[in-house]
Amino acid sequence: PRKIIIDTDPGQDDAVAILLALASPELEVLGLTCVAGNVALPLTARNARVVCELAGRPDLPVFAGCAAPLRRDLVTAEYVHGNSGLDGIVLPEPAMALQPVHAVEFLIESLRGQPAGTVTLCPLGPLTNIATAMTRAPDIVPRIAEIVLMGGGCFEGGNVTPAAEFNIYVDPEAADIVFKSGVPLVMMPLDVTHKALTTRARVEAFRALGTQAGHAVASWTDFFERFDMAKYGSDGAPLHDPCVIAYLLRPDLFSGRHVNVEIETLSALTRGMTVIDWWRVTDRPANAMVIGDVDADAFFALLTQRIGRL
Ligand code: BDR
Ligand code: CA
């Protein structure tokens with residue numbers, strides 16, 4: 001199986017992504033590294049463990065990482081995810097402990113300890129942990145097989161400002177480091193995640209699994225939908241982060257372009273904008289595979305089938 005580390009700020013959609021990974025034998029999850037984002041770090045580190053226990057994986061190592069962006073004050077999104085970050089269903093407080101090691105140390109040691117080119121990073125939140133690891137230990141950068149991340153927007157614009165998507169907006173300096181790192185990147189922007197909508201029928205399919213995990217996924221999606229459906233006027237809300245894991249399992253369901261992406265860090269108006277050269281109007285070298293489309297029915301079929309295994 002392919003070795004991955006999921007860097008995350010759960011978040012209901014992060015939680016679904018983690019469940020998808022843990023239900024998939026093609027992937028070996030080495031650990032979860034938590035970052036501040038949707039809610040503050042103590043809550044993301046708690047929520048990650050709640051999800052591990054729900055998946056029957058109290059053995060999975062979970063690490064707490066950076067509590068704030070590199071150079072900015074933390075911005076959170078309780079208005080989307082609820083005060084716990086994982087509102088929608090009451091689950092038991094986790095009994096499993098956090099690992100006594102900082103997430104950045106775990107990232108560095110894992111990348112040094114595993115053969116070069118064998119570990120894929122899957123960031124689902126602000127890129128603070130990843131950028132900190134790259135800055136502190138530049139030797140790990142060429143050892144990273146690939147980074148498949150959720151963040152940014154191309155034609156779709158932003159979801160936290162007109163120009164910026166939440167994960168990149170929260171820590172644009174960190175994103176800038178990652179996008180300039182030279183590591184092969186795959187980016188799931190809002191353009192694709194806004195096509196992965198939790199319609200009624202898709203949510204009912206999770207519930208109809210009749211399992212605790214299926215019930216949790218349906219309850220979580222019901223919860224954050226209330227915000228996004230009103231905002232976008234769509235049937236269902238975008239299920240952002242699971243697109244990252246689904247891409248590892250079925251890249252054939254996605255399509256995109258290998259192009260140049262730069263991060264805006266200077267402007268107050270467009271802070272965290274991903275400037276994507278989709279039409280290749282510059283000669284700046286391509287640094288990311290930017291995904292633009294997904295077979296949404298096949299994506300939800302895969303997700304439902306895998307959640308059903310838990
Ligand atoms: C991203 O921001 C968070 O709210 C979600 O978990 C997702 O990672 C979408 O903009
Ligand atoms: Ca997230």
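These legends go with close-up views of a predicted model. Residues are numbered from 1 along each chain as its sequence is written, while chains are lettered from A and ligands numbered from 1 in the order in which they are written. In this predicted model, local features need pLDDT of at least 70, side-chain atom pairs count only at pLDDT 80 or more, and totals for chains, interfaces and linings use all residues.

**View 1. The whole protein has twelve helices and ten strands.** Helices (H or I, at least four residues) and strands (E, at least two) are DSSP runs, numbered from the N terminus. The C-alpha atoms fill a box of roughly 50 × 45 × 35 Å, taken along the principal axes. The radius of gyration is 18 Å, which agrees with the value near 19 Å for a compact globule with 310 residues. That radius is taken over C-alpha atoms, and the globule rule is 2.2 Å times the number of residues to the power 0.38. Of the 310 residues, 51% count as buried. A residue is buried if 20 or more other C-beta atoms lie within 10 Å of its own, exposed if 12 or fewer, and partly exposed in between; C-beta atoms are placed from the backbone. Take the contacts with a separation of 6 or more: residues 24 or more positions apart account for 82% of them. Two residues are in contact if their C-beta atoms, placed from the backbone, lie within 7 Å.

**View 2. Strand β2 (residues 27-34) pairs with β1 and with β3.** Two strands pair if DSSP finds at least two bridges between them. β1 (residues 2-8) and β2 run in the parallel sense over seven bridges. Here I6 has L32 of β2 as its bridge partner. β2 and β3 (residues 62-64) are also parallel, over three bridges. T33 stands opposite F63 in β3. Six of the eight residues of β2 are buried, so this strand is largely enclosed by the rest of the structure.

**View 3. Two helices link these strands by right-handed crossovers.** β1, helix α1 (residues 12-22) and β2 make a right-handed β-α-β unit. The chain then crosses from β2 through helix α2 (residues 41-54) to β3, again in a right-handed crossover. A crossover is right-handed if, with the strands pointing away from the viewer, the path from the first strand over the helix to the second runs clockwise.

**View 4. A cis peptide bond joins P10 and G11.** Its omega is about -5 degrees. G11 sits in the loop between β1 and α1. Most peptide bonds are trans.

**View 5. Ligand 1 is surrounded by 15 residues.** The closest are G11, D13, E165, F166 and H240. A residue is near a molecule if its C-beta atom, placed from the backbone, lies within 6 Å of it. α1 and α6 (166-170) are the elements that give two or more residues to this shell. By class, the shell has five nonpolar, six polar and four charged residues. Ala, Val, Leu, Ile, Met, Phe, Trp, Tyr, Cys and Pro count as nonpolar, Asp, Glu, Lys and Arg as charged, and the others, Gly among them, as polar.

**View 6. V141 lies in the loop between α5 (128-136) and β5 (144-150).** V141 is partly exposed, with 16 other C-beta atoms within 10 Å. Leaving out residues up to four places away in sequence, V141 touches M134, S181, G182 and V183.

**View 7. R280 has a positive phi, near 50 degrees.** Most residues other than glycine have a negative phi. R280 is in the loop between β9 (274-276) and β10 (288-294). R280 counts as exposed because it has 12 C-beta neighbours inside 10 Å.
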